[in-house]
Amino acid sequence: MITLGRLNKVELRDIWKSESQDFTPWLAQPENITALAEALSMELEIEAREREVGPFRADLLCKDLIDDSWVLIENQLERTDHSHLGQLLTYAAGLQTVTIVWIASRFTEEHRAALDWLNEITDERFKFFGVEVELWRIGDSIAAPKFNIVSKPNEWTRSITQASRRIESEALSETKKLQLDFWIALQKALEGHAFLRSRKPRPQHWTTYSIGRTGMHLGAILDSQKSRIAVELYLGDENAKSFFGQLKADQVAIEAELGHAPAWMELPTRRACRIVSYRSVTDPLDEASWPELIAWISKTLEAYYRAFHKRVSKLNVSATSGDSGAYEAEGSGDV
């Protein structure tokens with residue numbers, strides 16, 4: 001006889017006591033935001049936590065990397081209420097073009113209907129999703145999350161499918177094709193790495209990896225114009241200047257751990273800062289050189305992760321100041 005386990009539902013508050021202190025930080029972890037993104041047919045990258053939008057503070061502000069659009073996530077560990085619905089409408093009014101994801105333990109029929117109605121009457125600049133989160137375990141196993149979409153924009157599934165097919169069918173230039181092939185090869189080289197998991201390879205000259213804290217990431221760069229490759233720590237949010245200064249105070253120890261001295265780029269005229277290591281090459285798009293280039297990028301990414309992962313988790317937010325109203329994100333592509 002085949003013995004099967006039994007699914008047991010877990011109360012959300014048994015695992016997450018607080019929305020702001022427990023659930024939102026959990027959701028912000030790369031593997032968890034990826035699980036939500038898969039349920040939504042998106043590719044999400046977190047830009048900020050607890051971002052002010054008008055009189056409220058949104059839980060998570062993300063970018064959908066498929067179309068570079070803003071996605072705002074509001075969390076609620078109870079059943080939906082009118083207060084949160086009002087906040088969502090305020091966010092939509094403040095951001096003008098945005099996808100809003102409302103996560104709750106249970107949606108009432110009136111709030112589900114309200115999201116359906118909003119998706120019907122608003123134009124394509126606005127998209128509203130209702131998502132119920134559940135926790136399940138089998139026997140004594142650890143609890144596992146499940147995201148159930150209860151409301152979504154009209155024709156969402158069809159439009160996503162059409163967009164995917166259009167992207168796949170678009171003819172890539174020779175340079176774009178080589179960039180895509182390079183990142184696919186690098187992704188395969190890092191398959192066994194526990195932490196360096198990149199987003200889906202794309203035909204562009206950079207790719208990114210989580211460093212475990214929002215507002216920053218590791219990046220790998222393939223710069224054919226300047227005949228070089230690079231690995232960097234990119235600090236991109238309103239805390240960037242303060243965080244950069246805190247890291248630079250530990251420059252000697254960091255460079256000893258890296259085994260070389262990177263370029264410390266504060267970029268005073270921009271919000272972002274970068275710590276970047278370059279390597280000059282003859283032609284980064286020459287496939288014959290790729291094994292050597294991939295080996296260098298892999299080794300350098302690992303060194304960066306070891307040197308910065310624990311340090312960035314301890315950076316002091318209270319020492320920061322900046323423009324909390326700026327939403328423009330700067331990508332790793334500026335090389």
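Is Q76 buried or exposed? Keep that in mind while you get your bearings, and remember that what you have open is a predicted model.

**Stop 1: the whole chain**

Start with the full protein chain in cartoon view. You should be able to pick out 10 helices and 12 strands. Of the 335 residues in the chain, 47% are buried. Now think about who touches whom: among contacts with a separation of 6 or more, 63% are between residues 24 or more positions apart.

**Stop 2: Q76**

Select strand 4, residues 69-79, and find Q76 in that strand. Here is the reply to the opening question: Q76 is buried, because its relative accessible area is 2%, and the cut-off for buried is under 20%.

Next, show what surrounds Q76. Leaving out residues up to four places away in sequence, Q76 touches E19, D81, H84, W102, I103, A104 and S105. Then zoom in on the side chain of Q76, which reaches the backbone oxygen of R79 at 2.8 Å. For a jump along the chain, add S18 to your selection: S18 and Q76 are 58 residues apart in sequence, yet their C-alpha atoms are 9.6 Å apart in space.

**Stop 3: helix 4 against helix 5**

Two packed helices are described by the angle between their axes and the distance between the axes. Try that out on helix 4 (residues 82-95) and helix 5 (residues 109-121). Their axes come within 11 Å and cross at roughly 15°. Angles under 35 degrees count as roughly parallel, so helix 4 and helix 5 are roughly parallel to each other. Their crossing is right-handed.

Now show side chains where the two meet. From helix 4, pick H82, L85 and L89; from helix 5, pick H111, A114, L115 and L118. Sort the residues of this contact by type and you get 5 nonpolar, 2 polar and no charged.

**Stop 4: D116**

Stay on helix 5 and click on D116. With a relative accessibility of 28%, D116 counts as partly exposed. Which residues does D116 contact, once neighbours within four places in sequence are set aside? They are S151 and K152. Look closely at S151, because you can draw a line there: its side chain and that of D116 are joined by a polar contact of 2.6 Å. You can also select F128, which sits 12 residues from D116 along the chain, with 7.9 Å between the two C-alpha atoms.

**Stop 5: helix 9 against helix 10**

Move on to helix 9 (residues 251-258) and helix 10 (residues 290-313). These two pack at an angle of about 145°, with their axes 8 Å apart. On the helix 9 side, show A253, I254, E257 and L258; on the helix 10 side, show A303, Y304, R306, A307, F308 and R311. This contact divides into 7 nonpolar, no polar and 3 charged residues.

**Stop 6: S277**

Keep Y304 on screen and select S277, which lies in strand 12 (residues 273-280). At 3% relative accessibility, S277 counts as buried. Which side chains does the side chain of S277 make polar contacts with? One is the side chain of H260, at 2.6 Å, and another is the side chain of Y304, at 2.7 Å.

Finish by showing the surroundings of S277. Beyond its neighbours within four places in sequence, S277 is in contact with I229, A230, V231, H260, P262, W296, T300 and Y304.

Methods. Residues numbered from 1 in each chain as written. Predicted model: local features only at pLDDT ≥ 70, side-chain atom pairs only at ≥ 80, totals over all residues. Heavy atoms only, no water. Helix = DSSP H or I, 4+ residues; strand = E, 2+ residues; numbered from the N terminus. Buried < 20%, exposed > 50% of the residue type's maximum accessible area, 1.4 Å probe, protein only. Contact = heavy atoms within 4.5 Å. Polar contact = N/O pair within 3.5 Å; in protein donor to acceptor, adjacent residues only side chain to side chain. Axes fitted to C-alpha atoms, helices over the stretch in contact; angles between N-to-C directions. Parallel < 35°, antiparallel > 145°, perpendicular 65-115°, else oblique. Left-handed = near helix turned anticlockwise from the far one by under 90°. Nonpolar A, V, L, I, M, F, W, Y, C, P; charged D, E, K, R; others polar.
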